[in-house]
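Reader: I am in my first year and would like a close look at a single part, the place where the two chains meet. Please take me through it in one connected answer.

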2 protein chains.
Amino acid sequence: MRWAQGFIAVDWGTTNRRAYRVGRDGTVDDEMEDGKGVLSVPSGGFDAAVGEIRARLGDLPLLMAGMVGSNRGWVEAPYVPCPAGLPELAARLQWVEAERTAIVPGVCFAEGDAADVMRGEEVQILGAYGEGLVPADGIVCHPGTHNKWIRLEDGRITAFRTVMTGELFNLLKAHSILADLLALPAGVNDAFEAGVRRALDGGELTAELFSVRARVLLGKTKREDAASFTSGLLIGADLRAGLAFAGETGLVAMGRPELTALFAAAAAVAGRPTREVDGETAFLAGAIHLAELLQ
Amino acid sequence: MRWAQGFIAVDWGTTNRRAYRVGRDGTVDDEMEDGKGVLSVPSGGFDAAVGEIRARLGDLPLLMAGMVGSNRGWVEAPYVPCPAGLPELAARLQWVEAERTAIVPGVCFAEGDAADVMRGEEVQILGAYGEGLVPADGIVCHPGTHNKWIRLEDGRITAFRTVMTGELFNLLKAHSILADLLALPAGVNDAFEAGVRRALDGGELTAELFSVRARVLLGKTKREDAASFTSGLLIGADLRAGLAFAGETGLVAMGRPELTALFAAAAAVAGRPTREVDGETAFLAGAIHLAELLQ
C-alpha cells in the first residue's frame, strides 16, 4: 500500500544519478540529477547519499537501479538469470530497509561458453514492454558505454550480448594514435555511412581502425571526415555483432536519443528499419510497473 | 666508398632509439640505446640529438629508420609504394646531409578501399630476406604496438595489413573497465589458449572483451586467468585477421622475441607452425644491405 502513495525511482549509474518522485497518479512531479555516481560515493557514504535524495524529493519509499547494486555500489543485488521479466525482478529485489528502500537486481546470461551481465538496462527494456512500447518478442539495441543487444521473448529477457563500443570510442579519442583525428567533430554523414559499410563488409575492427590513420596519410579520407568514418566503423562493427545475434527479428533502439539515432542511422545502411524508444521514458515505466508489483 | 669504411645504423622509434656502429667487416662493434624517442625530441632538436649519437659512436655516415622519418620526426621521408624491395628503399632514401646522413623511407599500401603504412619494419623484413632468414615468398607477422602482417613476393613487400593489437591491449590495461583484471600477470597457458580459440571461433572482439568481466563475475573464468585469456583473445583476433590475409602461405614471426613467442603460440593453436626471427638481427641485416647498395 505504501508504494501506491508515491515513491522515488533512482537511476544510479557509475558517474551520475537521476531521481524522480512519482506521485499517486503515476506521474513524475519532481526530479533531480547530479554527478554523484557510484564511483564518487565514499565507502560507507551511501546512507548519506540516499538521505540527500529524500531530503530533496520527500521521505518516500525508494527504488534504485543500476550500478548502485554492483560490487562497487551500496549493497550487491545478485543478478537474476535469464529468462527475466518484471515479476522475477520484483521477487528478487535487494531490500536495504524493509518495505522502504530497495535495489533492483541486474540480469545475467550464461549459456555454454557465453557470459554476460547488465545492471540498469533491464528496468528500461522490461518497462518499455510493460508499457507496450516494444513487442513481447523482439530485439532491443541499447547503446551506451557498453552497448547491449537484448532478446525479448514473451516479455522476458532471454539472452543478450554486450559490445564495448562506447568505451572503445572514448579510449581511442582520449589516448590512442587516433586521438588527434577523433578530436574533430563526428556526425551522421557520408563518411559515417562509409565507415558503417566498411565494417559490415567484415574486416577485423582493430585493423580497420589503424587504416583510418593510413587513409588520412595517403589522402584517401579527408582529415575532417576521419572522426565520422571511425564512429561509423565502430558502430558498424557493433551492428555486425548485433545482427548476427538478432537474425531477422525486428529492431528497437532504446536509450539516450542522440545514441539511438546513431544506431538507427547505421541500421538503415544495413537495410534494417529501427524504431527508437526514449530510455528515460522506459526507465520510469519500468520503475512504476515494479512498484505496482509491490502493492 | 665512404659507407664501406663503417657507418652507424639507427632504429629510431616513437619512444626510444637504438644505434649500432657497424665496422668495415660488417659486424657491430659498439652500440647505444636510450629513451630519446621521436616524441621526446623538441622541435629543431634533431641536429643535436644526432650529434649525441656521433659523439658516442664516432663521426661516421649514419642511416636511420623508423618514426624519425614521419611527420612527427626530423625530416619526412615519403613512403615508397608497394611493391618495395631493398633497391627501391635505397633509391628513395631521404638525404638530410649528402652522402652522410640518410633516413630510410617507410612503405605504403593502397589498393581499392585498403590503405596502410609502415615505418621501420621494412628494414627488418627486407634485411631478413637479404640475409636468407625468410624466403622470397611468404607472410611475415611483425608483432608490436601496431602489429603487421606482410606479404613478401620475390623478395619485395607487395601488401600488408596493420592491426592495433598492442595499442589496444595497453589502452585496456591502463584505462578500461578491464584494468583491474589486466593488472594481473598474463602468460602463455591454458587460459591464453582458450582466449585464442574463442577469438578464432569468430565472435566480435569488442563483445568478447566485455565478456571477460562477465565471465569473472559469473565464475566462468578465474580472476587470475583473466589477463592471459584477454591476451589470447586479442592475439587470436589479430591472428584471425592475419590468417585471412595469409591464406595457406607459411608464416614467420619477426620482432622482439617475447612478442614473436606469443604469436607463435597462438598460431600453434590454429595449427600453423611459425618460425621466429629476431627483429634486431633482421634490422642490422637490412641496414648493412642498404649500405652496400650505397657503395
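**Where chain A meets chain B**

Author: In this predicted model, 17 residue pairs are in polar contact between chain A and chain B, counting pairs with both residues at pLDDT 80 or more. On the side of chain A that touches chain B, the elements that give two or more residues are the strands β8 (107-111), β9 (114-118) and β12 (156-163) and the helices α4 (165-175), α7 (205-217) and α8 (226-246) of chain A. The most comes from α7(A), which gives eleven residues to that side. Sorted by class, the side of chain A that touches chain B has 23 nonpolar, eight polar and 15 charged residues.

Charged residues bring us to the salt bridges. Between chain A and chain B the count is eight. One of the salt bridges joins E208(A) to R161(B), with 3.1 Å between the closest N and O atoms. That pair fits the term because a side-chain nitrogen of Lys or Arg has to be within 4 Å of a carboxyl oxygen of Asp or Glu.

Next comes the extent of the contact. The size of an interface is often given as the accessible area lost when the parts come together. Here chain A and chain B bury about 4100 Å² between them, and 61% of that is on carbon and sulfur atoms. Within chain A, the residues that lose the most area to chain B are M164(A), E204(A) and F210(A), which together make up 16% of what that side buries. As for residues in the contact, 46 come from chain A and 46 from chain B.

How are the two chains arranged? Two copies of a chain are related by a rotation about an axis and a shift along it. In this model, a turn of 180 degrees and a shift of 0.0 Å along the axis lay chain A on chain B with an RMSD of 0.0 Å. Such a relation is that of a two-fold axis. Of the C-alpha atoms in chain A, the one nearest the axis belongs to L171(A), at 3.4 Å from it. Both copies use the same surface, since 100% of the contact residues of chain A recur in chain B.

To put the picture together: the two chains are related by a two-fold axis, eight salt bridges are counted between chain A and chain B, and α7(A) gives the most residues to the side of chain A that touches chain B.

Terms used: Residues are numbered from 1 along each chain as its sequence is written. Chains are lettered from A and ligands numbered from 1 in the order in which they are written. This is a predicted model: local features need pLDDT of at least 70, side-chain atom pairs count only at pLDDT 80 or more; totals for chains, interfaces and linings use all residues. Side-chain values use heavy atoms; hydrogens and water are left out. Contact means heavy atoms within 4.5 Å. Buried area is the accessible area (1.4 Å probe) that two parts lose on being put together, summed over both. A polar contact is a pair of N or O atoms within 3.5 Å; within protein, one must be able to donate a hydrogen and the other to accept it, and residues adjacent in sequence count only if both atoms are side-chain atoms. Helices (H or I, at least four residues) and strands (E, at least two) are DSSP runs, numbered from the N terminus. Ala, Val, Leu, Ile, Met, Phe, Trp, Tyr, Cys and Pro count as nonpolar, Asp, Glu, Lys and Arg as charged, and the others, Gly among them, as polar. Copies are superposed by least squares on the C-alpha atoms of residues with pLDDT of at least 70 in both.
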